[in-house]
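Biologist: I'd like to go through this one with you and ask how each label was earned. Can you walk me through the reasoning?

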Amino acid sequence: MTVRYAIRLAQPGAHLFHVTVTVEAPDPEGQRFVLPAWIPGSYMIREFARHIVRISALSGDRRIGLQKLDKHTWRAEPMDGRELTLAYEVYAWDLSVRAAHLDETHAFFNGASVFLLPVGCREQPCRLDILPPQGRKYAQWRVATGLRRARPTARGAFGTYLAADYDELIDCPVEIGTFQRIEFAALGVPHEIVVTGRVPKLDLKRLGTDLQRMAETQIRLFEPRRQTAPFERYTFLTLAVGEGYGGLEHRNSTALICRRDDLPYVGMKDATSAYRTFLGLASHEYFHAWNVKRIRPAAFVPYDLERENYTKLLWVFEGFTAYYDDLLLARAGLYSHVQYLDALAKTLTTVTQRSSRLKQSTAESSFDAWIKYYRQDENAPNSVVSYYQKGSLIAAAIDLTLRERTGGRRSLDDVMRLLWRRFKNSGASYPGVAETELPGAIKEATGIDLGRLVRGWSEGTRDTDFAALLAPFGISVERGFALEEPHFALLGATTRRDGADCRIVSVFDGGPAQAAGLSGGDVIVALGGLRVRSSNFDGLLTRYAAGDTVEVVAFRRDELLQTGITLATKPPPKFTLRVDSKANKVAQRLRRGWLGA
Ligand SMILES: [Zn+2]
């Protein structure tokens with residue numbers, strides 16, 4: 001039996017969707033309905049039910065009782081075998097990739113935040129009517145989504161869409177409005193890019209060409225012989241804003257948010273670093289179509305949508321994806337080798353600058369994502385290691401080790417392909433990747449036993465020697481000092497502009513700011529007897545030298561603090577990776593096998 005949903009863009013000005021869900025044969029004991037507490041891909045309890053404004057239950061025209069059982073569960077009063085409909089309003093004013101947003105310029109929603117699941121119906125097919133807002137000003141609005149269309153709904157039109165089950169329904173976000181759009185085929189598979197938001201002189205054609213190269217490189221990685229994708233179509237839903245960055249992966253689409261400056265413009269020659277950031281984001285979410293949407297941790301098979309799903313493997317599913325996002329852009333020719341090595345050096349620098357890496361392993365960080373990585377405060381650099389960044393370094397360490405030990409014949413690519421085959425071959429009985437499965441998979445795919453090393457990297461907190469790992473590839477690692485940002489180099493703190501004020505964001509372990517008793521949130525108002533503004537702080541600081549002691553005045557809770565601060569003599573480290581032009585043939589061959597010709 002089909003579960004029927006309808007979503008009407010009823011009141012764009014009030015940011016309200018009107019939603020109905022109809023069950024043909026409700027539970028005679030009292031049908032329960034539940035809204036997910038989180039959205040897969042974003043590991044935090046978000047309690048989407050808090051945005052349901054009004055809700056009622058109807059049997060035919062008759063209103064029946066509806067009781068709330070817990071924060072996200074309702075139960076209709078017991079009734080005979082007739083159809084039951086729940087009608088409710090959802091307030092949609094979250095401009096992120098994770099929830100829903102509706103105004104007079106566009107609509108966006110993730111099913112997880114708007115569609116109640118009738119308990120017991122998760123495997124049943126779903127039908128969704130997407131209904132337009134009233135009014136001539138919306139006449140040009142079109143629909144973009146990974147959902148299949150029901151006849152006779154035309155591509156891009158309001159109308160009826162289908163999902164095989166609830167999980168597919170909530171894994172296909174929908175964007176509606178007057179977006180710019182381009183299509184391309186990657187190895188025969190249709191792809192579309194949709195860009196919402198005002199972007200002057202957007203070079204859609206270039207976006208299409210570059211994402212096509214990225215997509216083909218990824219499809220070939222997983223299916224080098226058959227060159228087939230795991231989806232029939234793929235949709236990039238992109239929202240361009242002034243400031244913003246983020247993405248969420250789905251089985252045949254992704255929702256992206258970026259700065260409009262990150263998108264290419266007509267006349268742009270070499271890719272700007274902002275555009276490369278966008279390509280990295282798109283590449284990351286696309287890689288997830290294999291790694292996490294299909295190859296999944298066992299803890300996510302199936303997702304428990306009501307509570308935290310604990311796994312120690314996000315360093316594999318996010319970290320490996322973060323490793324491949326840039327690497328595959330290099331192999332696709334969209335990053336130069338130098339640009340790729342700069343990105344890798346930056347990751348190595350960021351991880352090493354934070355003492356969190358000495359306190360929390362990536363396995364622990366994965367497990368605690370729900371309460372730590374996703375809920376970072378001012379102390380995060382000292383307490384939360386990023387399973388993205390350090391996970392990508394572990395992926396690099398595994399890949400480099402496998403390539404070096406096999407003379408370039410085996411690599412992490414073989415491991416990804418093995419995991420992919422295991423998913424494909426097991427069909428509906430796919431058990432997911434067990435918590436301790438990776439070392440065995442590496443050995444099976446490559447013949448190399450990295451068990452002890454992988455456990456050390458993922459469960460330990462020791463630094464990895466990248467100079468030794470990269471040397472066989474003719475790449476040297478130089479360790480210098482991060483001097484570009486004086487407040488960070490000399491004070492060991494990050495700051496942000498707060499109007500004209502200079503406000504401390506985070507104070508790093510062992511740095512001068514911490515020794516002087518400064519803290520995240522403090523507003524620095526004077527340095528050495530001179531007024532500080534966000535615009536002149538670095539300029540004032542650079543007049544002093546490492547080791548100088550200078551008076552700092554700050555406000556905390558509007559109370560004045562005065563303290564002396566001794567500027568760092570040993571600023572935080574910064575790594576640079578360099579290709580040795582005189583490296584021997586073996587090293588050159590290994591490097592080309594890794595980064596592409
Ligand atoms: Zn990701």
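**Labels and what backs them**

Biologist: What makes Arg422 count as partly exposed?

Modeller: Arg422 has a relative accessible area of 28%. Buried means under 20% and exposed means over 50%, with partly exposed in between, so at 28% Arg422 counts as partly exposed. Keep in mind that this is a predicted model.

Biologist: And what makes the link between Arg422 and Glu444 a salt bridge?

Modeller: The closest N and O atoms of Arg422 and Glu444 are 2.6 Å apart. The cut-off is 4 Å between a side-chain nitrogen of Lys or Arg and a carboxyl oxygen of Asp or Glu, so the Arg422 and Glu444 pair qualifies as a salt bridge. Arg422 lies in helix H11 and Glu444 in helix H12, so the pair ties together parts that are 22 residues apart in sequence.

Biologist: Why is Glu444 called exposed?

Modeller: Glu444 has 53% relative accessibility. The label needs over 50%, so Glu444 counts as exposed.

Biologist: Which other residue does Arg422 meet in a salt bridge, along with Glu437's place in the chain?

Modeller: Glu437 is that partner, at 2.6 Å from N to O. Arg422 sits in helix H11 and Glu437 in the loop between H11 and helix H12 (438-446), 15 residues apart. By the salt-bridge rule the count comes to 30.

Biologist: How do you know that Asp413 and Arg331 belong among the salt bridges?

Modeller: Their side chains meet at 3.0 Å, N to O, and the limit is 4 Å, so the pair passes. Asp413 is in helix H11 (residues 412-426) and Arg331 in helix H6 (residues 319-331), so this salt bridge ties together parts that are 82 residues apart in sequence.

Biologist: What makes that pair a polar contact too?

Modeller: The side chains of Asp413 and Arg331 are joined at 3.0 Å. A polar contact has to be within 3.5 Å, so that label fits as well.

Biologist: Is Asp413 buried or exposed? And what about Arg331?

Modeller: Asp413 has 8% relative accessibility, and buried means under 20%, so Asp413 counts as buried. Arg331 has a relative accessible area of 22%, so Arg331 falls in the partly exposed band. Leaving aside neighbours within four places in sequence, Asp413 is in contact with Leu221, Tyr324, Arg331 and Arg403.

Biologist: On to the metal. Which residues are the protein donors of the zinc ion?

Modeller: His284 (NE2), His288 (NE2) and Glu318 (OE), lying 2.0 to 2.1 Å from the zinc ion. The cut-off for a donor here is 2.8 Å, so these atoms qualify. Along the chain the donors follow the spacing H-x3-H-x29-E.

Biologist: Why are His284 and His288 called buried?

Modeller: His284 has a relative accessible area of 8% and His288 has 0%. The threshold is under 20%, so both histidines count as buried.

Biologist: How many disulfides does the structure hold?

Modeller: Zero. Take Cys126: the closest cysteine sulfur, in Cys121, is 8.7 Å away from the sulfur of Cys126. A disulfide needs the two sulfur atoms within 2.5 Å, so that gap is too far for a bond. Cys126 is buried, with a relative accessible area of 3%, and Cys258 is buried at 0%.

Biologist: What makes you say strand S8 is largely enclosed?

Modeller: Six of the eight residues of S8 (residues 84-91) are buried, so the strand is largely enclosed by the rest of the structure.

Biologist: How do you know that S8 pairs with S2 and S4?

Modeller: Pairing takes at least two bridges. Strand S2 (residues 16-23) and S8 have eight, in the antiparallel sense; one of the bridges puts Thr22 opposite Thr85 in S8. Strand S4 (residues 52-59) and S8 have five, also antiparallel, and Ser56 has Ala87 in S8 as bridge partner.

Biologist: Why are S6 and S11 called edge strands?

Modeller: Four strands form an open sheet in the order S6-S7-S3-S11, with antiparallel pairing. Strand S6 (66-70) and strand S11 (117-118) each have a single partner strand, so one side of each is left without a neighbour in the sheet. Two bridges join strand S3 (residues 32-34) to S11, and Phe33 has Pro118 in S11 as bridge partner.

Key: Residues are numbered from 1 along each chain as its sequence is written. This is a predicted model: local features need pLDDT of at least 70, side-chain atom pairs count only at pLDDT 80 or more; totals for chains, interfaces and linings use all residues. Side-chain values use heavy atoms; hydrogens and water are left out. Buried means under 20% relative accessible area, exposed over 50%, partly exposed in between (1.4 Å probe, protein chains only). Donors are N, O and S atoms within 2.8 Å of the metal (3.2 Å for Na, K and Ca); water is not among the atoms, so sites may look incomplete. A polar contact is a pair of N or O atoms within 3.5 Å; within protein, one must be able to donate a hydrogen and the other to accept it, and residues adjacent in sequence count only if both atoms are side-chain atoms. Contact means heavy atoms within 4.5 Å.
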